[in-house]
Amino acid sequence: MHAPVLVLKDSLKRESGTKVHHANIQASKAVADIIRTTLGPRSMLKMLLDASGGIVVTNDGNAILRELDIAHPAAKSMIELSRTQDEEVGDGTTSVIVLAGEMLHVAEAFIEKNYHPTVICRAYNKALEDALAVLDKIAMDIDVKDRTAMLGLVKSCIGTKFTSQFGNLIADLAIDATAIVNVDLGQGLREVDIKKYIKVEKVPGGQLEDSRVLKGVMFNKDVVAPGKMRRKIVNPRIILLDCPLEYKKGENQTNAELVKEEDWGILLKMEEEYIENICAQIIRFKPDLVITEKGLSDLACHYLSKAGISAIRRLRKTDNNRIAKACGAVIVNRPDELQESDVGTGAGLFEVKKIGDEFFAFIVECKDPKACTVLLRGASKDLLNEVERNLQDAMSVARNIIKNPKLVPGGGATELTVSATLKQKSSSIEGIEKWPYEAAALAFEAIPRTLAQNCGVNVIRTMTALQGKHANGENAWTGIDGNTGEITDMKERKIWDVYNVKSQTFKTAIEASCMLLRIDDIVSGIKKKQAPGAGPTKPQIETEADADNEQILPE
């Protein structure tokens, strides 16, 4: 195997570097243009065909970019940005791409004038520091316990999503769910694990208004022997196991040689006694409900039902962890290690209900649960998937506020304030970095401009009026109302953003554009497939001239 070798004449270096920059910037702008129309409350929806042939209807930046199949490496790294943003703060996935695309777009002019990318990056990093300082200055604290303020905030953050038409519903669900799993770690730190301890259960049918947060958990299982075991237990004592309640099979093939006929009976009896033993150890604690992650044999089922115990088998580990958090039980690995303290007594009701054509087990009315299930009902699978995506965003917003209770104005007001302040500061910067710094200041205006475009108002007039209001870094709370396109005070309209999301958006966008600007060669290490029987071929090297002709997006 040959390693790809790149040989370039010195005279070609600058030329080629500029070409690669140009190709990368074009690719990034193409990605930004795909999802530019999905920013803001009056945004368009996209309909995507996913790999398995199903359809996805959404305006969530990350969900759209996830489905794209793009060959260009720069475009791929842009898509990564949106994923990072989604995992880190769960919101602002569209803004980050639009902002990064704009940052690269304004850098293009400097690249053509033979500015060195390092100079541009230095100016951008300086702009980022100053932008974060402005954020700190205009941020406003919020009381996490004030429910109406929290509701307004979550609502304004997911107001751009499809489900905003259902009023407070999603915001209520998100705040209730995150309030349940909020754990105080001491020293002012809080942990809100929405991935592990909040399960979203989508059940088609019914109305969206029937969706609710359960004070406990539900899962898609029925008791093992429906006729014999109780399906409704008030204040149940719950035991959670992580071991099979059946006879252990041999690790490998085991041969037993039986001489007498009675030995066969003895063997069977030993198996029965083993299971009876395990069940006796469990029954000793008088539980009402036994849940195991592994199998449960018919014999064990018989012993348990005789003792009036309901049993559920083969439950997912993640669900078992949630039940443990909800009812205060401890998951036990061996029945002989059971203690009274391992029994969960925090649940108020165990009930198996039939929803649609499936049975669901509910363990609800728990005392101080630390895990919960959000039950979503709705007309169709597609609708439910979109509601779930929006709910995830809403929960992320609620989690961000709990972790760092600070607000900044929404509706493009923050970006305009940052832009105006940076413009003022640019005059005091000496040397060649002044111009890219000023360009970065202008790039922040991409967000309010895109909002204005998506509302369908006159963009130039609106932007001029806004820039006039923000001219001296004043009126930090003046922005665009994304529904009507009016220029208003964001405090009055309750249009807010979370500080964490904004700062993460700025950091990700600027750092990523710096990274893409510093790329001056694309070397392809992928081998072309050759015909069978052909000799070894020379390694293919992609030069910058090829990078220019490459298709950015599949047609």
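What percentage of the 555 residues of the chain count as buried? The share is 51%, where buried means under 20% relative accessible area, exposed means over 50%, and partly exposed lies in between (1.4 Å probe, protein chains only).

The structure on display is a predicted model, in which local features need pLDDT of at least 70, side-chain atom pairs count only at pLDDT 80 or more, and totals for chains, interfaces and linings use all residues. Residues are numbered from 1 along each chain as its sequence is written, and side-chain values use heavy atoms, with hydrogens and water left out.

**The whole chain**

Begin with a cartoon view of the chain, which has 19 helices and 20 strands. Helices (H or I, at least four residues) and strands (E, at least two) are DSSP runs, numbered from the N terminus.

**The first hairpin on the tour**

Next, select residues 46-49, which are strand 1, and residues 55-58, which are strand 2. These strands pair in the antiparallel sense over four bridges; two strands pair if DSSP finds at least two bridges between them. To locate one bridge, select Leu 49, whose partner in strand 2 is Ile 55. The two strands form a hairpin with five residues between them, and Gly 53 in the turn has a positive phi of about 95°.

Now display the side chains of strand 2. Val 56 and Thr 58 point to one face and are buried, whereas Ile 55 and Val 57 point to the other face and are not buried. In a regular strand the side chains alternate between the two faces of the sheet.

**The second largest pocket**

Select Asp 86, Ile 194, Lys 195, Gln 392 and Ser 396, which lie nearest the centre of the second largest pocket. A pocket is defined on a 1 Å grid over the protein atoms alone, as an open set of points where a 1.4 Å probe fits, with protein on both sides within 12 Å along at least five of seven lines; lining residues have an atom within 4 Å of a point. The lining comprises 21 residues. Select helix 12 (381-403), which gives the most to this lining, with seven residues.

**Two loops**

Move to Asn 235, in the loop between strand 9 (232-234) and strand 10 (238-241). Phi of Asn 235 is near 45°, a positive value in a residue other than glycine. Asn 235 counts as exposed, at 52% relative accessibility.

Finally, select Lys 286, in the loop between helix 9 (261-283) and strand 11 (289-292). Lys 286 is not a glycine, yet its phi is positive, at about 50°. Lys 286 is exposed, with a relative accessible area of 63%.
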